[in-house]
Amino acid sequence: MIRQENVTSRDLELLNIALDHALTPQEQAEFNKRLTECPYLTTLFQQQRRLKDAMEQLPCYKVPRNFTLTRVEARKAKRAGFLQPVFGWASLISALLVAVIFGSELIFRNVSLTVPMSSDNPQTYAVQEDSSVASNTGEEAGIKTMASAPIYLLNWGYGATGLGGIGGKGGGGGGGVAEAGGVSINIYINPNVFYSEEMALEGAGAGEIAPETAMDGAVSAFPEEAIPEQEVPSQESLMATPIPLEHEAPRIYGIDTEKAGTILKMTPDSNDTQLELPSEEETRTGQESESKSIVPIQVRIGLVAAALVFGLVWWYLKFKR
Amino acid sequence: MDESILIEKAVDGDLDAFNQLVLTYQELAYNVAYRIMADEAAAADATQDAVISMYRKLDSYRGGSFKAWFLRIVTNACYDELRKQKRRPTVSLEPETDESEPIESPEWIADKSLGLEETIMNAQLEKAIQDCLNKLNQKHRVVMVMVDVSGEDYETVAEVIQSPVGTVKSRLSRARLKMQECLKLTGELLPDQFRLNNEEDDD
């Protein structure tokens, strides 16, 4: 009985090389030795050689026609050869743009607040109350306008609309309040604070970020009555002429210690988008502006359509022609 | 004319030089395609597609064996054609026997140089081999057709399939063993001299 298990992979390798007459003298000697040792290998070799002979004897067919190209065919081939990759790349680029737009929106919607702090912010209330008290003269009315619009340095958060923190020393404001599972950080400059030395000296917590807490705790951490009591200056101090600060004033955009009390700018620089103040409309309708996106919906639909159409044309040129 | 000069001219846009190259290799290409596709019309389509594709890609030819480069395009065209056939199965218009098998190719019967018995035996053998080739997977089939039918060397085939020579050898070894197994099963149909299992029980 022939035992198949005696044949090793090396034997099969040598057998195949032998069939193609490509054995080296050493390999030939090794293979001959194995043929004498293993009858199954000998049988296998004979069968394989017969198979190879049969394969080599298969008839070679004549071509049914010449496959040469005419000038017209050649021109057509070149044109199609140019268009196919063009449509392929156009389809790919359109699809990538669509993916980038949707992907980036998905990411930013999850991790960032696109809306500034809402007017429910206790800090805003405090400022508005301050300025309402201070609106005795025309000049103070101008100051009120500035004061009621804090300059936002950072407005970031996720999970929920945050509540602003307590006003900071030197006019810096900041704070963060979280809803359950979310956190919000809001750092801004409140120009109104500089008009009162008392406030400037008493302010605390500039730039502080409140630890992440649950919403219930967060609300109770800012007792509404505590904030105005701490922050609202006395009637006399608000009515008084602004006094130059004795200590070194912080260098903040729009505030010059020598020109304290005068309005330097009524509007932020148009090219500095980070310091852009939120409009009241935006503040009130935060949810609406949150849904706005950079890329118009028409452009998105156009890109998706382009990706599909270009892809179909590419597919047609590649497989159907 | 020297092949390298023809290639150079073809790359420069000389259509006559290109057609000269096509005439040189079209028979090889068609036969490889025919053994892979097992269908004359499909083989002709694949060869024509390969020629057009070669014309488009002439700029990307970077030297080396032109034959291997062309055969690679041919095998790719065959893969494309096989994919098309899978999507749109066709029905043969050739006459069939009661067992739904096509009647033997008239070219074989019309070959006057062979005797009738030899012609029939050859036809049986070719049919058995082609059937077994069709049962191999595409990678094994391509290697076996190129080495055992077309007689290409390992290096050329390695260039065609863009794999190392070792891969060619291992695929060829497996393909030959599978072919042998397949032909043993259909051995009854083969002429005596090609039956592979008639020496099995000698020991």
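## Helices α8 and α9 of chain B

The axes of α8(B) and α9(B) approach to within 8 Å and cross at roughly 100°, and since angles of 65 to 115 degrees count as roughly perpendicular, the two helices are therefore roughly perpendicular to each other. This geometry belongs to a predicted model. On the α8(B) side the meeting residues are B:Y154, B:E155, B:V157, B:A158 and B:I161, and their counterparts in α9(B) are B:V165, B:V168, B:K169, B:R171 and B:L172.

Helix α9 of chain B covers residues 165-185, and at 1.5 Å a residue its 21 residues should span 30 Å, which agrees with the 30 Å that separates its end C-alpha atoms.

## Burial and packing of α9(B)

The buried residues of α9(B) are B:V168, B:R171, B:L172, B:S173, B:A175, B:R176, B:M179, B:Q180, B:C182, B:L183 and B:K184. Their packing partners come from both chains: α1 (9-19) and α3 (39-56) belong to chain A, whereas α6 (116-135), α7 (138-149) and α8 (154-161) belong to chain B.

Among these buried positions is B:R171, a residue of helix α9 of chain B that has no salt bridge although it is buried, the nearest side chain of opposite charge being B:D148 at 14 Å. When residues up to four places away in sequence are not counted, B:R171 touches B:K139, B:H140, B:V143, B:I161 and B:S163. Another buried residue of the helix, B:R176, is by contrast part of a network of salt bridges that also links A:D20, A:K52, A:E56 and B:D148.

## Salt bridges within single helices

Over all chains the structure holds 15 salt bridges. One of them joins A:E13 to A:R10, with the closest N and O atoms 3.7 Å apart; both residues lie in helix α1 of chain A and are three residues apart, about one turn of the helix. A:E13 is partly exposed at a relative accessible area of 37%, and A:R10 also counts as partly exposed, with a relative accessibility of 32%.

In chain B, the side chains of B:R83 and B:D80 meet in a salt bridge with an N to O distance of 2.4 Å. Both residues belong to helix α4 (residues 66-87) of chain B, where they are three residues apart, about one turn of the helix. The relative accessible area is 42% for B:R83, which is partly exposed, and 27% for B:D80, which is partly exposed as well.

## A buried salt bridge between helices

A:R34 forms a salt bridge with A:D11, the closest N and O atoms of the pair being 2.6 Å apart. Because A:R34 lies in helix α2 (residues 25-37) of chain A and A:D11 in helix α1 of chain A, the pair ties together parts that are 23 residues apart in sequence. Both A:R34 and A:D11 are buried, whereas A:R10, in helix α1 of chain A, is partly exposed.

## Chain A as a whole

Chain A has 13 helices and three strands, and 39% of its 321 residues count as buried. Among the contacts in chain A with a separation of 6 or more, 75% are between residues 24 or more positions apart.

Definitions and conventions: Residues are numbered from 1 along each chain as its sequence is written. Chains are lettered from A and ligands numbered from 1 in the order in which they are written. This is a predicted model: local features need pLDDT of at least 70, side-chain atom pairs count only at pLDDT 80 or more; totals for chains, interfaces and linings use all residues. Side-chain values use heavy atoms; hydrogens and water are left out. Helices (H or I, at least four residues) and strands (E, at least two) are DSSP runs, numbered from the N terminus. The expected span of a helix is 1.5 Å times one less than its number of residues. Buried means under 20% relative accessible area, exposed over 50%, partly exposed in between (1.4 Å probe, protein chains only). Contact means heavy atoms within 4.5 Å. A salt bridge is a side-chain nitrogen of Lys or Arg within 4 Å of a carboxyl oxygen of Asp or Glu. Lys and Arg count as positive and Asp and Glu as negative; His and the chain ends are not counted. Axes are lines fitted to C-alpha atoms, for helices over the stretch in contact, and angles run from 0 to 180 degrees between N-to-C directions. Angles under 35 degrees count as roughly parallel, over 145 as roughly antiparallel, 65 to 115 as roughly perpendicular and the rest as oblique.
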